[in-house]
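Reader: I am new to this structure and would like a close look at a single part of it. Please take one residue and place it in its surroundings.

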Amino acid sequence: MRTRDPDVLTYESLGLRAAVNANGKMTALGGSRLSATTIAAMGAAGRDHVVMDDLMTAVGRELAAAAGTEDACPTTGAASGVALAVAALVAGTDPARVERLPDPGGRPCEVVLPKGHAVNFGAPVAQMIALGGGTPVEAGAANKVRAAHLEGAIGARTAALLYVQSHHAVQKGMVSLAETVAVGRAHGVPVIVDAAAEEDLRKWPATGADLVIYSGGKAIGGPTSGFVCGPAPLIAAVRAQYAGIGRPMKVGKETLLGLAQAVREYGAGAAASDGDGARARMERLAARLGTLPGLSARVVRDEAGREIFRTELAVDPARAGRDAAGLAAELAAGTPPVFLRDHYATTGRLAVDPRALSAEEEDHLARRLAELLGARTSGDDDTTNGRNSE
Ligand SMILES: *Cc1c(COP(=O)(O)O)cnc(C)c1O
């Protein structure tokens, strides 16, 4: 049990319960669990004043070092990163143009993207383009986009190409990022990559893309934040947007220092990342859950190719007494609420994502599933009711 200062608000003191997150780095569940040192950095930032432009620049240098780019600009998240990157390519650093956005004022403003990349990550990526003064132009079909489709959509009004590197995007039948970068080069059009949840910060800038966007609260495990990285002149144009459409997306000093701290720790930890250990952990969980009535379990790798292994649960409604969506809803309605990954619930599949799940939470999840499905697993005699279990 963690000790708490009685004067400090907690989720519990607002009548809420901390959630057991087996869903991944979900924005809807608050992104990431922060390290004690990241929390300390955010607290330290809160204690003093600082020249914010200098802090933005200094943190940008840290982020650029992590991504292997010339410069970087912090943002409130990857979503604002898309809006600000588009704005930078439409308006540049000219104050009159910056202040006129989202009206592009006759400047080239079309942003060409593969139709299968026009996703909704919680909000539509096309809307973030529009917020930055861009007009989204979707090339090809939802399940088939070739380089020639991108080329055909490029014209005198094109400001950028956008590539969404994400499990949200259609994976099959899509033009590759290498082909997209080649099209951009051939036509003199800059390429923006939304790599919000990607794990390797150096990989995507190294493709030759001009601006790459990451979320700070996903793979990096930092506070709710993000950044855009790339060559210095383009990043200067991204930063210039904080005197325009970026103003309602202002990043606070606490977030800036927390993001820098998290990125440093992420760089140190990434070298020691253990894909085999993560897979073995999920194999053990699959063996435990696969014996429950109505469930079959196997380990699957992330559909976007990241080094993430999950235990996938196929729910047989006849034997489980409810379908996958129903089971997920019952887990979420418990105390504490437990959230499984439910992207494929309509196909009868749920998944346990281990990234934000402690060993105790994993055990709670397994016991809760056994309770709901009316099975008994070894060592659960003391847990007759999920509401009492911790
Ligand atoms: C999560 C996500 C975003 C938004 O990221 P935030 O940091 O929450 O703003 C944008 N694009 C993609 C592909 C995402 O997965």
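Which backbone nitrogen lies 2.9 Å from a polar atom of the side chain of His 117?

Author: The backbone nitrogen in question belongs to Val 164. The model is a predicted one. His 117 sits in the loop that runs between β3 (110-114) and α5 (125-131). With a relative accessibility of 2%, His 117 counts as buried, because the cut-off for buried is under 20%. Apart from neighbours within four places in sequence, the residues in contact with His 117 are Val 125, Tyr 163, Val 164, Ala 169, Val 170 and Met 174.

Two of these contacts, Tyr 163 and Val 164, lead to a strand. Strand β5 covers residues 158-164 and pairs with strand β6, residues 191-194, in the parallel sense over four bridges. Within that pairing, Tyr 163 has Val 193 of β6 as its bridge partner.

The wider setting is an open sheet of seven strands with mixed pairing, in the order β2-β8-β7-β6-β5-β3-β4. Its edge strands are β2 (71-75) and β4 (135-139), each of which pairs on one side only. On average, neighbouring strands of the sheet are turned by 25° against each other, direction ignored.

Helices also meet this sheet. Helix α2 (residues 52-67) lies across β2 and β8 (226-230) and runs at about 115° to β2. Helix α8 (residues 232-240) packs on the sheet as well, where it touches β2, β7 (211-215) and β8. The direction of α8 makes about 20° with that of β2.

Notes
Residues numbered from 1 in each chain as written. Predicted model: local features only at pLDDT ≥ 70, side-chain atom pairs only at ≥ 80, totals over all residues. Heavy atoms only, no water. Pairing = 2+ DSSP bridges. Helix = DSSP H or I, 4+ residues; strand = E, 2+ residues; numbered from the N terminus. Axes fitted to C-alpha atoms, helices over the stretch in contact; angles between N-to-C directions. Contact = heavy atoms within 4.5 Å. Buried < 20%, exposed > 50% of the residue type's maximum accessible area, 1.4 Å probe, protein only. Polar contact = N/O pair within 3.5 Å; in protein donor to acceptor, adjacent residues only side chain to side chain.
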